[in-house]
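Please walk through this structure with me. We begin at a loop and finish at the ligand.

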Amino acid sequence: MQTITITGGQPLYGILRPAAAKNSVLPLLAASLLCGGPCRLRGVPDLTDVQTSLALLQAVGAKAVRHGPDLCTLPVQAKELCGEIPAPLAGAMRSSVFYLAPLLCRAGMVRLPLPGGCRLGPRPVDIHLAGLAAMGATVQLEGDAVTLRRFGPLQGTDFTLRLPSVGATMTLMMAGCCAMGTTVLRGAACEPEVCDLADFLRACGAKITGAGTPVLVIRGRQALEGIAYDPLPDRIAAATYAAAVSAAGGQITIEDCAPETYGTFLHFLQDCGVNVKQGERWAQIARDPRRPLRGGQHLYANGWPAFATDTAPLAAAVLLEAEGPSEIYDHLFANRFACASGFAAMGADCRASGRTLYIAGGAALHGAAVEAPDLRGGAALLVAALAARGTTLLRDPGHIRRGYADLPGDLARLGARCARRQCVSPEQEKVRK
Ligand code: EPU
């Protein structure tokens, strides 16, 4: 297990750039299976979820390799593809679900054991399955795995998502590209990463209109070429850096980002009294650590364009020491605030009840030994530790590396006293002796 040590109280200064967004890159890698030529995704961070995706592509018979900061995929013949997704790879990340549509379309069948990912509450895949069934796939559930088959090409359809799931919108957009005729998706998710997948597929030759609105129209069966593509910059990583400087104080510039994709988070920081300036491709965030932040915030996290669920724990970390009580409700995930016990161990007066996190505010945070419960919760504990007196020991069973290539390193480069250590368990210590 990794341990990150953070000694708080250092203001942060400097410039950084977020890498390509994890939540764009992972579906784009799956979508590259639909392309008749090689694809190059530029500026992809070396995250464990990316490594898992490369292993998954290899396991199903595809080829993808890293060339420095870029990932390159090669076209693969349908007969070389196998639709069996190995259980350890499916269980390692939620994004294994993105392989349902491409493998069903190309290999004719796909078997997906239960997808993993952060334990944020129940995360069913019923909308993905219902949409693919409406396009003609047979769906068979046995134990913890689902098998989909098609007998002939998928058929375009008019399908209404029962809620605007990001992942299901992406699955059905990919399936629509391979289906006969026109697919209309109603109640689709409008997140920037959905638009990024649509932009990628369109650049490959797909006919998709309406991305970024609740109604998507896809004209299927266009031949898709391979392309070189720059995925969207990671808006959640950018929000994490913004949260870090808001908690610790200092001034940072985030370059080559797309501030409008995390504008709700920047507005929230401004409401708390953080100084935010932004241009089309950059944001500058400054906070005087001697001046307390304003609490009294009521945030409601939901799908785009609302406050992003992935930034809810980061907002909580900023609000712990702010003046006045705040509350954050997460409409999407039942267990978004598993980090609350870690905040409390650091001296915060906060409590998760149902989907709401209540924060009394005005805490004097101190270092503690805490554990990352999930990806964004882990990042939020790190942010809180930057504001705390003394040293925090954050034990992380690997969550943070799933979404940030080197968050402790990024923060250390800004001046934080933050380091990553490989922690040796007592059993490993015995073996060494
Ligand atoms: N849902 C269903 N049925 C489905 C699909 C979703 O009930 O078939 C529910 C989920 O259980 C959840 C809600 O719908 O309560 C929203 O889920 P959605 O499908 O929109 O999310 P996702 O595709 O599983 C992606 C990101 C998440 C991000 C959410 C919301 C990836 C790999 N993950 O998940 O990112 O929080 O959208 O924006 O793209 C993260 O990066 O840490 C992360 C969790």
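Start with Arg-221, which is found in the loop between β12 (215-219) and β13 (228-229). Its backbone deserves a look. Arg-221 is not a glycine, yet its phi is positive, near 65°. Keep in mind that this is a predicted model.

A second backbone feature involves a proline. The peptide bond that runs from Trp-304 to Pro-305 is cis. Its omega is near 10°. Pro-305 has its place in the loop between β17 (298-301) and α10 (312-319).

Now turn to the ligand. Where does the ligand sit? It occupies the largest pocket. Four elements each give two or more residues to the shell around it: α1 (22-31), α5 (126-134), α6 (166-178) and α12 (375-387). Of these, α5 gives the most, with 3 residues.

How many residues surround the ligand? The count is 24. Asp-126, Ser-165, Val-166, Asp-310 and Leu-332 are the closest. By character, the shell divides into 10 nonpolar, 6 polar and 8 charged residues. Both domains take part. Domain 1 (2-18 + 233-432) supplies at least three shell residues, and domain 2 (22-229) likewise supplies at least three.

Next come the polar contacts. Ser-165, one of the closest residues, has a side-chain N or O atom 2.6 Å from an oxygen atom of the ligand. The side chain of Arg-123 also places an N or O atom by a ligand oxygen, at 3.1 Å. Pro-124 uses its backbone instead: an N or O atom there lies 3.3 Å from a nitrogen atom of the ligand. How much of the ligand does the protein cover? On its own, the ligand has 830 Å² of accessible area, and the protein covers 93% of it.

To recap the site: the ligand is in the largest pocket, and its shell draws on domain 1 and domain 2.

Methods
Residues are numbered from 1 along each chain as its sequence is written. This is a predicted model: local features need pLDDT of at least 70, side-chain atom pairs count only at pLDDT 80 or more; totals for chains, interfaces and linings use all residues. Side-chain values use heavy atoms; hydrogens and water are left out. A residue is near a molecule or strand if one of its heavy atoms lies within 4 Å of it. A polar contact is a pair of N or O atoms within 3.5 Å; within protein, one must be able to donate a hydrogen and the other to accept it, and residues adjacent in sequence count only if both atoms are side-chain atoms. Accessible areas come from the Shrake-Rupley method with a 1.4 Å probe; for residues, only the protein chains shown count as cover. On a 1 Å grid over the protein atoms alone, a cavity is a set of points where a 1.4 Å probe fits but cannot get out, and a pocket is an open set with protein on both sides within 12 Å along at least five of seven lines; lining residues have an atom within 4 Å of a point. A molecule sits in a cavity or pocket if more than half of its atoms lie within 2 Å of its grid points. Ala, Val, Leu, Ile, Met, Phe, Trp, Tyr, Cys and Pro count as nonpolar, Asp, Glu, Lys and Arg as charged, and the others, Gly among them, as polar. Domain bounds come from an automatic or database domain assignment.
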